[in-house]
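Trainee: I've got a new model open and I'd like to learn how to read it. Can you walk me through it, feature by feature?

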Amino acid sequence: MTGTDPRRGMAVGDVLVVLSLLALAFSVAYPRIERARLRDEVEQAVIKVQEAVDAAERFRADLGRWPEPMGEGMTPTDLAPYLPGGFSFAAEGYRLKLDVWETAETAPPMEVPESPPSKESAPLPDLTQAQPEVRFGSMASVSVASDDPLLLAGLLDHFGAGRSFVHADRWTMVFASVPGR
Amino acid sequence: MNEDDRDHQVPRVSKVEERERLLAQAMAHAEALDAQFRVLPAGDPRHGAWKSPLALLFFLLAVVVAVAPPSWVAGPPPPSIQEQELERGLRAAIYLQALQVEAFRARTGRLPEDLAELPTPAPGLSLVRSNTRVFQISGRRPGGAMLVYDSAHPEPEFAAAGAAWAGELRP
């Protein structure tokens, strides 16, 4: 009986117009909201990476070694005093990891000075001297693991492709390379 | 019911005829009201008839913008990882692992059984040992083809991928 009431029909029409306008406004605003969310997420991750790198470098400057790496998303315990309060390697949507890589450099073999053979106390040549000398160095890297490729791409875009790269589900930046001595 | 209604003394209707008459009056009144709103006066345009098509138009526009947003809505595309960048990342990861394998060999005098033996194995890579010194590390390219690092004859592209951070280090 009231379904054909023209006043009621107008009310439904009003609601439909308002709802469709809201849908249109949302569809226009959504990409901007997503971009802002992504930008904010990348900025937060960049800040975290920089804080972790700064802390690791201060740690090494103080103690002469790198902090002991922990698992993905786990804050290295010995690094904690160097990190800002409340800093966590596990964040919403991504996980940080600090890695220390040992490197081995092969130095050219030491040249044994040639001297005329003497009759007395001619020592046997030390063959180990002829072996190439291995010097151990280290590299430190920070990585961010995430299922969001846009976050990884944002980090790569921010830090550049020179020192960082993306492999599998993680972005990695080698921030220090200490040659062997 | 207002104050006046409560004060007014309504005479009780006790007769059946009276009740039927009042009921018939009420029903007639209701039917008259119903008829008034059911039938529009001739020539009177129905109000709000344009709103449903307008709502449909807005809705369709919203769907189009949501599914295929125009550039002024979508804005500049977010940074994405190109295929060549993924390949460079794979080369860098392999090169980093090769450095680790060399360090492992220099430290222990042998090659690792597999990459899991290294302190930090990279995901998606595998190690094959040819002999006590020579090894290969392989990973799958974005297109699916394998990329192989051979420690006996390493391609210069691997070192180039890690040149910025590896400096003078060479496996």
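Trainee: Let's start with the sheet in chain B. What is its strand order, and how do the strands pair?

Mentor: Keep in mind that we're looking at a predicted model. For a sheet, you list the strands by who pairs with whom. Here you get an open sheet of three strands in chain B, ordered β1-β2-β3, and the pairing is antiparallel.

Trainee: Which strands sit at the edges?

Mentor: Look for strands that pair on one side only. In chain B those are β1 (125-129) and β3 (146-150). On average, neighbouring strands in this sheet are turned by 20° against each other, ignoring direction.

Trainee: How many bridges link β1(B) and β2 of chain B?

Mentor: Five bridges, in the antiparallel sense, with β2 of chain B covering residues 135-140. If you want a spot to zoom in on, B:Ser126 stands opposite B:Ser138 in β2(B).

Trainee: Which helix lies across β1, β2 and β3 of chain B?

Mentor: That's α5 of chain B, residues 83-108, and it runs at about 155° to β2(B).

Trainee: Now a single residue. Where is B:Pro70, and is it buried or exposed?

Mentor: To judge that, count the C-beta atoms around the residue; 12 or fewer within 10 Å makes it exposed. B:Pro70 counts as exposed because it has 9 C-beta neighbours inside 10 Å. You'll find B:Pro70 in the loop of chain B between α3 (51-67) and α4 (71-74). Sequence and space are separate readings, too: B:Pro70 and B:Ile94 are 24 residues apart along the chain and 41 Å apart from C-alpha to C-alpha.

Trainee: Over to chain A. What pattern does chain A follow along the sequence?

Mentor: Write down helices and strands as you meet them: α-β-β-α-β-α-β-β. That's three helices and five strands. Of its 181 residues, 28% count as buried. Among contacts in chain A with a separation of 6 or more, 67% come from residues 24 or more positions apart.

Trainee: And the interface? How many residues of chain A are in contact with chain B?

Mentor: People often give interface size as the accessible area lost when the parts come together. Here we'll go by contacts instead: 47 residues of chain A are in contact with 48 of chain B. Several elements of chain A supply at least two residues each to that side, including α1 (6-63), β2 (94-107) and β3 (133-146). The largest share, 17 residues, comes from α1(A).

Trainee: What is the make-up of that side by class?

Mentor: On chain A's side, you have 27 nonpolar, eleven polar and nine charged residues.

Key
Residues are numbered from 1 along each chain as its sequence is written. Chains are lettered from A and ligands numbered from 1 in the order in which they are written. This is a predicted model: local features need pLDDT of at least 70, side-chain atom pairs count only at pLDDT 80 or more; totals for chains, interfaces and linings use all residues. Helices (H or I, at least four residues) and strands (E, at least two) are DSSP runs, numbered from the N terminus. A residue is buried if 20 or more other C-beta atoms lie within 10 Å of its own, exposed if 12 or fewer, and partly exposed in between; C-beta atoms are placed from the backbone. Two residues are in contact if their C-beta atoms, placed from the backbone, lie within 7 Å. Ala, Val, Leu, Ile, Met, Phe, Trp, Tyr, Cys and Pro count as nonpolar, Asp, Glu, Lys and Arg as charged, and the others, Gly among them, as polar. Two strands pair if DSSP finds at least two bridges between them. Axes are lines fitted to C-alpha atoms, for helices over the stretch in contact, and angles run from 0 to 180 degrees between N-to-C directions.
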